[in-house]
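Trainee: I should like to request a close look at the aromatic pairs. What does a search of the whole structure find, and how is each pair arranged? Please set the answer in the context of the chain.

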Amino acid sequence: MTTRDEHVEKLVELTKDSRFCMLTTVDSDGSLVSRPMSRQEVDLDVEMWFIATRDSRKAQHLRANPTAAVTVSTDSSWVSLSGTAEIVDDTAKLEELWSTFAEAWLPEGPKDPNAVLVRFDASTAEYWDNPGGRVSTLISLAKSKLTGKPYDGGENEVVTGL
């Protein structure tokens with residue numbers, strides 16, 4: 001039986017090479033809204049940090065409903081995380097996580113009064129891992145076509161209790 005720490009380690013391994021992901025929030029009418037975000041701490045744990053603007057739609061969504069999801073993909077893996085997110089006003093943490101990339105949206109830097117953090121806490125995850133990457137996927141697809149047997153897309157697992 002796989003432990004929580006082993007699951008987290010697997011998730012870290014699958015996502016460590018991807019700095020960008022999609023953050024999904026819930027709009028006031030209940031529709032899901034996704035947008036690309038840059039992770040500020042690249043080693044995924046069950047807690048992820050993003051830099052945002054206080055007056056953004058995502059911030060409005062999260063203040064009204066903390067339900068959120070994050071998806072991360074690499075050349076050989078896909079990870080879907082669900083949980084909650086919150087807006088965090090913490091200048092020290094913002095300064096710690098600040099990058100020049102964030103300056104495109106917040107040119108005044110981490111002390112900009114419109115700068116906030118989004119903290120995402122995962123509670124469940126699902127991943128799909130194809131260790132051979134694109135080449136392995138193409139070979140498996142061709143094999144499926146030639147043999148008439150369903151495509152075996154690699155490893156897939158649902159992780160709960162994060």
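Mentor: Contact, as the word is used here, means heavy atoms within 4.5 Å. One residue serves to illustrate the term before we turn to the rings. His7, a residue of helix H1 (residues 4-15), is in contact with Thr2, Glu157 and Val159 once its neighbours within four places in sequence are left aside. The relative accessible area of His7 is 12%, under the 20% limit, so this residue is buried.

The model is a predicted one, and its confidence should be stated at the outset. The mean pLDDT of the protein is 87, with 84% of the residues at 70 or more. Helix H2 (residues 57-64) has the highest confidence, at 98, whereas helix H4 (residues 133-147) has the lowest, at a mean of 58. The protein comprises 4 helices and 7 strands, which follow one another from the N terminus as α-β-β-β-α-β-β-α-β-α-β. It has 162 residues, of which 40% count as buried. When contacts between residues at least 6 apart in sequence are considered, 68% of them join residues at least 24 apart.

Now to the part you asked about. The search of the whole structure yields 2 aromatic pairs. In one of them, Phe20 and Phe101 have ring centres 5.6 Å apart and planes at 65°; the angle is over 60 degrees, so the pair is edge-to-face. This pair bridges distant parts of the chain, since its members are 81 residues apart: Phe20 belongs to strand E1 (residues 20-26), and Phe101 to the loop between helix H3 (91-97) and strand E6 (115-129). Phe101 also pairs with Trp105, at 5.4 Å centre to centre and with 55° between the planes, an arrangement that is tilted. Phe20, Phe101 and Trp105 thus make up one aromatic cluster.

How accessible is each member of the cluster? Phe20 has a relative accessible area of 45% and is therefore partly exposed. Phe101 is likewise partly exposed, because its relative accessibility is 38%. Trp105 reaches 57%, and as this value is over 50% the residue counts as exposed.

Trp105 leads from the cluster to the largest pocket, whose volume is about 300 Å³. The lining of this pocket consists of 15 residues, and Trp105 is one of those closest to its centre, together with Pro36, Met37, Ser38 and Ile51. Strand E2 (32-38) and strand E3 (47-53) each contribute at least two residues to the lining. Strand E3 gives the most, with 4 residues. By class, the lining has 10 nonpolar, 4 polar and 1 charged residues.

Strand E3 deserves one further remark, for it contains Glu47. Glu47 has a relative accessible area of 28%, which means that it is partly exposed. Apart from its neighbours within four places in sequence, Glu47 is in contact with Arg119, Phe120 and Asp121. Its C-alpha atom is separated by 9.5 Å from that of Ser123, although Glu47 and Ser123 are 76 residues apart along the chain.

To return to your request, the aromatic cluster consists of Phe20, Phe101 and Trp105, and Trp105 is also among the lining residues closest to the centre of the largest pocket.

Notes:
Residues numbered from 1 in each chain as written. Predicted model: local features only at pLDDT ≥ 70, side-chain atom pairs only at ≥ 80, totals over all residues. Heavy atoms only, no water. pLDDT = per-residue confidence, 0-100. Buried < 20%, exposed > 50% of the residue type's maximum accessible area, 1.4 Å probe, protein only. Phe/Tyr/Trp six-rings, centres within 6.5 Å; stacked < 30°, edge-to-face > 60°. 1 Å grid on protein atoms, 1.4 Å probe; cavity = no way out; pocket = protein on both sides within 12 Å on 5 of 7 lines; lining within 4 Å. Points joined across faces, edges and corners; volume = space filled by probe spheres on them. Nonpolar A, V, L, I, M, F, W, Y, C, P; charged D, E, K, R; others polar.
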